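Let's take a walk through this one, with a stop at a helix pair, a look at the empty spaces and a short visit to a loop. Have the viewer open as you read.

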Amino acid sequence: MADEVILLDFWPSMFGMRTRIALEEKNIKFDYREQDLFNKSSILLEMNPVHKKIPVLIHNGKPVCESLIQIEYIDETWPTKNPLLPSDPYQRAQARFWGDFIDKKVYSATRLIWGAKGEEQEEGKKEFIELLKTLESELGDKIYFGGETFGYVDIALIGFYSWFEAYEKLGNFSIEPECPKLSAWAKRCAQRESVAKFLPASDKVTKFVPELRKKIGLE
Amino acid sequence: MAERSDEVKLLGMWASPFSRRIEIALTLKGVPYDFSEQDITNKSPLLLQLNPVHKMIPVLVHNGKPISESLVILEYIDDTWQNNPILPQDPYERAMARFWAKFVDEQICVTAMKVVGKIGEEREAVVEATRDLLMFLEKELVQKDFLGGESFGFVDIVATLVAFWLMRTEEIVGVKVVPVEKFPKIHRWVKNLMEINVIKKCIPPEDEHLSYIRARMEKLKFKAP
Ligand SMILES: N[C@@H](CCC(=O)N[C@@H](CS)C(=O)NCC(=O)O)C(=O)O
Ligand SMILES: N[C@@H](CCC(=O)N[C@@H](CS)C(=O)NCC(=O)O)C(=O)O
């Protein structure tokens, strides 16, 4: 039976980008369905009744929610092409640790940059730079977070790169001088086919952010 | 099974649900370990060195290499010692187990913790929000003895936080967050858990634990404005 793969997603979502990239790495064709998050579709509510959030990966009718869990699911379901998690248990644990760090820490800092004003926004910005520095020291001189090959942590983080320009404009700062190695890593990833194909252009995200701020009542 | 030369050490705290998860998993696998009780009000240099990012327990140190975050540690244990598997084998079932584990930590735990600091109507609202979340677990338990299905597994280990922390704290705080009339399946599941030797062995002894929680609640109340 041919696999039926559907992705409920929203183009500027860094979580959705993860799943798109992971599927592309495995060369899996999927039916991309753009969602309106301000007017949720019945399929979204039915497939993710707990969180009602995108991305939702639907494989042969069965939904998987939460982007990091989707990456693992994709890796376990299609294991041969481009393994995304390392095979060594300790390396796997490190990858999961950093994935969790990105979700818990990095995302909440960026949320303050685009979703807050004044002092709160300023705090988010400071925190964000600190976190990027922590990630930069974890990266060190490696090509990718996992070493020689593009994988789980790279996928978890790269979506944020398409928002860098928007964060910089909102917070009036620049990331590259603070984190040169991480910036070089991001550019390296952006050259990869899967990333180039599914990361939206920075200026498109930058244009979208004021719309988003208006919708949540900030501007 | 564990190699003789394996050196396994756990930096934990006897009353922490996160630390107990690791003890349950290691015990289930038959992995011997050294336990090092930590004082999180006065963090040891060792803890700061082994978990510089979060500075939290639990930290598992296996042959000198540290791992932190309890869900990450549980996966590591299952990847490293493959007897008595904790996670299911099927990729879809694994994804579901991971989903519910994350749900317990990021939704239930986060929301339930707020009950303590609130009073009056605000407290009522948080209690209701916690119940709405618990209802998802209640539904998961339909026709199942355990959250892992027929046998005890990953989600059960993670959700001991509900069975033995949330449900012990509610007695002391004096709000029944998980009343048996509303959550008969969760109550039955807690009974099933109590039949399991590893659980009996690895959860904090009730009396001591209750006095500990009571003392903590007093402190929290004292601090509240
Ligand atoms: N932890 C989730 C986060 C997903 C998430 O936050 N999705 C957002 C869009 S970027 C969403 O669907 N929000 C809709 C809502 O909150 O109502 C994941 O990794 O998949
Ligand atoms: N997400 C962590 C939570 C661990 C946690 O909350 N540990 C507490 C003790 S129960 C701690 O070490 N707290 C120290 C602090 O917050 O400074 C895990 O799953 O391991």
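Start in chain B, where helix α5 (residues 120–140) packs against helix α7 (residues 184–194) at an angle of about 65°, the two axes lying 8 Å apart. Bear in mind that this is a predicted model. The crossing of α5(B) and α7(B) is left-handed. On the α5(B) side, B:Leu134, B:Leu137 and B:Glu138 make the contact, and they meet B:Pro184, B:Lys185 and B:Ile186 of α7(B). Sorted by class, this contact of α5(B) with α7(B) has four nonpolar residues and two charged ones, with no polar residue.

Now for the empty spaces. How many cavities of 30 Å³ or more does a search of the whole structure find? The search turns up one, and the volume of this largest cavity is about 30 Å³. Its lining takes in A:His51 and A:Glu66 from chain A, along with B:Phe99, B:Lys102, B:Phe103, B:Glu106 and B:Gln107 from chain B.

The second largest pocket is another matter to look at, with a volume of about 1,000 Å³. Of the 30 residues lining that pocket, A:Phe15, A:Lys53, A:Ile54, A:Tyr107 and A:Arg111 are the closest to its centre. Which helix gives the most to the lining of the second largest pocket? That is α4(A), with five residues. At least two lining residues each come from α1 (14–25), α4 (89–115) and α10 (202–215) of chain A, and also from α4 (91–117) of chain B.

Here are the two linings by class:

| Lining | Nonpolar | Polar | Charged |
|---|---|---|---|
| Second largest pocket | 16 residues | five residues | nine residues |
| Largest cavity | two residues | two residues | three residues |

One last stop, back in chain B. Look for B:Pro32 in the loop that runs between α1 (17–29) and β2 (34–37) of chain B. Is B:Pro32 buried or exposed? Its relative accessible area is 60%, and the cut-off for exposed is over 50%, so B:Pro32 counts as exposed. If you want a partner to find alongside this proline, try B:Lys9: B:Pro32 and B:Lys9 are 23 residues apart in sequence, and their C-alpha atoms are 8.8 Å apart in space.

Key:
Residues are numbered from 1 along each chain as its sequence is written. Chains are lettered from A and ligands numbered from 1 in the order in which they are written. This is a predicted model: local features need pLDDT of at least 70, side-chain atom pairs count only at pLDDT 80 or more; totals for chains, interfaces and linings use all residues. Side-chain values use heavy atoms; hydrogens and water are left out. Helices (H or I, at least four residues) and strands (E, at least two) are DSSP runs, numbered from the N terminus. Buried means under 20% relative accessible area, exposed over 50%, partly exposed in between (1.4 Å probe, protein chains only). On a 1 Å grid over the protein atoms alone, a cavity is a set of points where a 1.4 Å probe fits but cannot get out, and a pocket is an open set with protein on both sides within 12 Å along at least five of seven lines; lining residues have an atom within 4 Å of a point. Grid points are joined across faces, edges and corners, and a volume is the space filled by probe spheres set on the points. Ala, Val, Leu, Ile, Met, Phe, Trp, Tyr, Cys and Pro count as nonpolar, Asp, Glu, Lys and Arg as charged, and the others, Gly among them, as polar. Axes are lines fitted to C-alpha atoms, for helices over the stretch in contact, and angles run from 0 to 180 degrees between N-to-C directions. A crossing is left-handed if the near helix is turned anticlockwise from the far one by less than a right angle, and right-handed if clockwise. Contact means heavy atoms within 4.5 Å.
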